[in-house]
Each structure stands twice: as C-alpha cells, then as structure tokens.
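Open your viewer, switch on side-chain sticks and keep the selection box handy. We will go from stop to stop, with something to select at each one.

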Amino acid sequence: MIKPLFLKMIGDETGVSVTEFGLIAPVVATMLLGTMNVGHSLYMRTVLDGAIQDIARDSSLEDGGVLAKQEIIDDRITTQVKRLNKSANVNIRRRYYRNFTNANDATAEDFTDTNEDGTCNSNEPYVDANLNGTWDDDGGDAGQGGAQDVSIVTVTVSYKRPFPMAGLIGLSNDVTVAASTVLANQPYGDQAVYGEAITGNCNAN
C-alpha cells in the first residue's frame with residue numbers, strides 16, 4: 001500500500017509551476033527593478049543635460065548676471081529635477097573667468113605654501129588676482145560674471161534610488177549625477193577690468 005502511493009507521488013507534478021515561479025520570481029523582480037533603477041538614472045542624466053544647456057543660454061543673456069534672474073533660472077531646473085525625484089537635492093554652482101583659456105586651465109591663485117600642504121591656509125600669503133578677497137583654488141570667481149566673461153555652470157543632483165535594490169549586490173542606494181557647461185556671456189558691454197592684484201592672507205584652519 002505504501003509503495004504504490006510512493007510511486008504515485010514520484011510521478012505527480014502538481015504544484016511544480018508554483019514552486020518554479022517561487023524560485024525564479026525574486027531573481028526576475030530584482031533584475032526588473034535594477035533595470036528600472038538604471039533607466040531612471042539615465043533619464044535623469046538626459047533631463048539634466050538638456051536643462052543645463054537651457055540654464056547656460058539664459059544665464060549668458062544681459063540680465064543673466066542679476067541675482068534675481070539667476071534664482072528664477074535655478075528654480076526652473078530644480079522644478080524639472082524634482083518632477084523625477086521629489087526628494088532630490090539640487091546644487092547649482094557658477095564660476096566665471098576672464099577667458100576660455102583661464103576656464104580650461106582652472107589654475108589656483110599663486111600663494112606661498114609655507115607648511116607645504118598644497119592648500120592656502122594658516123595665514124599664508126597669496127596673490128588675489130581677481131580681487132574678491134579670498135584665495136581661489138581654481139582661479140575663478142563665484143557667480144555668473146559680467147559682459148564677455150566665461151562662465152562654467154555645474155549642476156549636481158543627489159537622490160536615493162527609487163527602487164532600493166542596489167544594496168542586494170553591494171552598491172550604494174545613493175545616486176549623484178552631475179552636468180556642467182561653459183559659455184561666454186553675451187558682449188552686451190565692455191568686459192570689466194581687474195585692478196592691480198593685491199596680496200592677502202589665507203585664513204587659519
């Protein structure tokens with residue numbers, strides 16, 4: 001009696017499909033959510049690339065150097081980003097230079113590195129070439145600049161992945177996407193001329 005029942009159970013395939021589905025479903029779900037995560041990041045990057053070109057174009061116009069106008073422009077890109085991820089942190093940074101060569105080189109202002117740590121600090125003397133009262137490690141100045149100045153706009157977006165599956169394969173659930181562009185401000189006037197460079201001292205750290 002026991003033996004025929006055992007033989008009958010061997011050939012019974014009832015529930016096989018459910019068991020197979022239970023085994024492969026987690027793998028398929030993980031792959032699907034992972035693909036959606038990658039797709040979301042790529043779409044975020046595409047939106048960011050398009051938005052930053054719009055920002056740079058509008059910022060380079062005659063009124064682009066006006067702080068109120070910059071805030072309107074920045075709010076516009078922030079709104080676009082937050083449509084994709086409401087909790088995203090959007091940071092917009094502007095640096096301007098006298099010409100494209102200076103922007104490309106991004107060379108730090110000269111200073112005397114008395115403690116040989118590679119950074120201007122501890123009241124070390126430096127040459128304030130752009131007269132902004134601070135040592136600039138990229139030689140630029142904060143803001144959009146004025147007529148004919150070359151501006152670099154960088155937008156950095158940080159957010160949590162919409163589907164936190166990356167941790168399952170040892171990756172971070174935090175995503176950072178950045179885009180930047182360089183553009184010369186329209187020649188709506190004469191480019192400002194810096195006065196004679198002065199010597200300053202970096203703050204003690």
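Is Arg 94 buried or exposed? Select Arg 94 and look: Arg 94 is buried, with a relative accessible area of 7%. Buried stands for under 20% relative accessible area, exposed for over 50% and partly exposed for what is in between, using a 1.4 Å probe and protein chains only.

A word on the model before we move on. It is a predicted one, in which local features need pLDDT of at least 70 and side-chain atom pairs count only at pLDDT 80 or more, while totals for chains, interfaces and linings use all residues. Residues are numbered from 1 along each chain as its sequence is written, and side-chain values use heavy atoms, with hydrogens and water left out.

**Around Arg 94**

Arg 94 belongs to strand E1 (residues 89–97); strands (E, at least two residues) and helices (H or I, at least four) are DSSP runs numbered from the N terminus. Now add Asp 74 and Gln 144 to the selection. The side chain of Arg 94 has a polar contact of 3.0 Å with the side chain of Asp 74, and another, also listed at 3.0 Å, with the side chain of Gln 144. A polar contact here is a pair of N or O atoms within 3.5 Å; within protein, one must be able to donate a hydrogen and the other to accept it, and residues adjacent in sequence count only if both atoms are side-chain atoms. Leaving aside neighbours within four places in sequence, Arg 94 is in contact with residues including Ile 55, Ser 59, Ile 73 and Val 153, where contact means heavy atoms within 4.5 Å.

**Strand E2 and its partner**

Next, select residues 125–128, which are strand E2. Tyr 126 and Asp 128 point to one face and are buried, whereas Pro 125 and Val 127 point to the other and are not. In a regular strand, side chains alternate between the two faces of the sheet. Add residues 198–201 to show strand E6, which runs antiparallel to E2 and is joined to it by 4 bridges; strands pair if DSSP finds at least two bridges between them. Opposite Val 127 you will find Thr 199 in E6.

**The disulfide**

Which cysteines form a disulfide? Select Cys 120 and Cys 202, whose sulfur atoms are 1.8 Å apart; the cut-off for a disulfide is 2.5 Å between the sulfur atoms. With 100° about the S-S bond, this link is right-handed. Cys 120 lies in the loop between H4 and E2 and Cys 202 in the segment after E6, so the disulfide ties together parts 82 residues apart in sequence. Cys 120 is buried at 8% relative accessibility, and Cys 202 is buried at 5%.

**Rings and a charge**

Select Phe 111 and Trp 135: their rings make an edge-to-face pair, 5.1 Å centre to centre with 70° between the planes. Rings of Phe, Tyr and Trp (its six-membered ring) pair if their centres lie within 6.5 Å; planes under 30 degrees apart count as stacked, over 60 as edge-to-face and the rest as tilted. Phe 111 is partly exposed at 24% relative accessibility, while Trp 135 is buried at 16%.

For the last stop, select Arg 98 and Tyr 194. The charged end of Arg 98 sits over the ring of Tyr 194, 4.2 Å from its centre; this requires NZ of Lys or CZ of Arg within 6 Å of the ring centre and within 35 degrees of the ring normal.
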